[in-house]
Amino acid sequence: MEPVISIVFSLCMFVNGSLDGHMMTDGLSKCLKAKREAERNLSQGRANVIRYECGQVTAELRPDAEGNLKIYKIIEDKYGN
């Protein structure tokens, strides 16, 4: 299967101001739920500043080992990256 370019909702993780990870979600409400869970699981004494944001991004999607589409690369987002 070839890569697909699509606009999807993504939970993005920023570490010290730089995009460090992303996860495709099924809509804004599921993204916000995942964001709340991730923020609850952050350790309190960490050295890095970690911030989570939900939003629509234009991404290159590729299938994983099971054939499910996952974000391979974010092409454009609302954060200016």
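**Exercise 1.** Determine how many bridges join strand β1 to β2 and which way the two strands run.

*Solution.* Strands are DSSP runs of E with at least two residues, and helices are runs of H or I with at least four, both numbered from the N terminus. Two strands pair if DSSP finds at least two bridges between them. Strand β1 covers residues 4–15, and seven bridges join it to β2 in an antiparallel arrangement. Within β2, H22 stands opposite C12.

The model is predicted: local features need pLDDT of at least 70, side-chain atom pairs count only at pLDDT 80 or more, and totals for chains, interfaces and linings use all residues. Residues are numbered from 1 along each chain as its sequence is written, and side-chain values use heavy atoms, without hydrogens and water.

**Exercise 2.** Place β1 and β2 in their sheet and identify the edge strands.

*Solution.* The sheet is open, with four antiparallel strands in the order β2-β1-β3-β4. Its edge strands, β2 (18–25) and β4 (69–76), each pair on one side only.

**Exercise 3.** Decide which cysteines form a disulfide, and explain why C12 is too far for a bond.

*Solution.* A disulfide is a pair of cysteine sulfur atoms within 2.5 Å. The sulfur atoms of C31 and C54 are 2.2 Å apart, and these residues form a disulfide. Because C31 lies in helix α1 and C54 in strand β3, the pair ties together parts that are 23 residues apart in sequence. For C12, the closest cysteine sulfur, in C31, is 7.6 Å away, which is too far for a bond.
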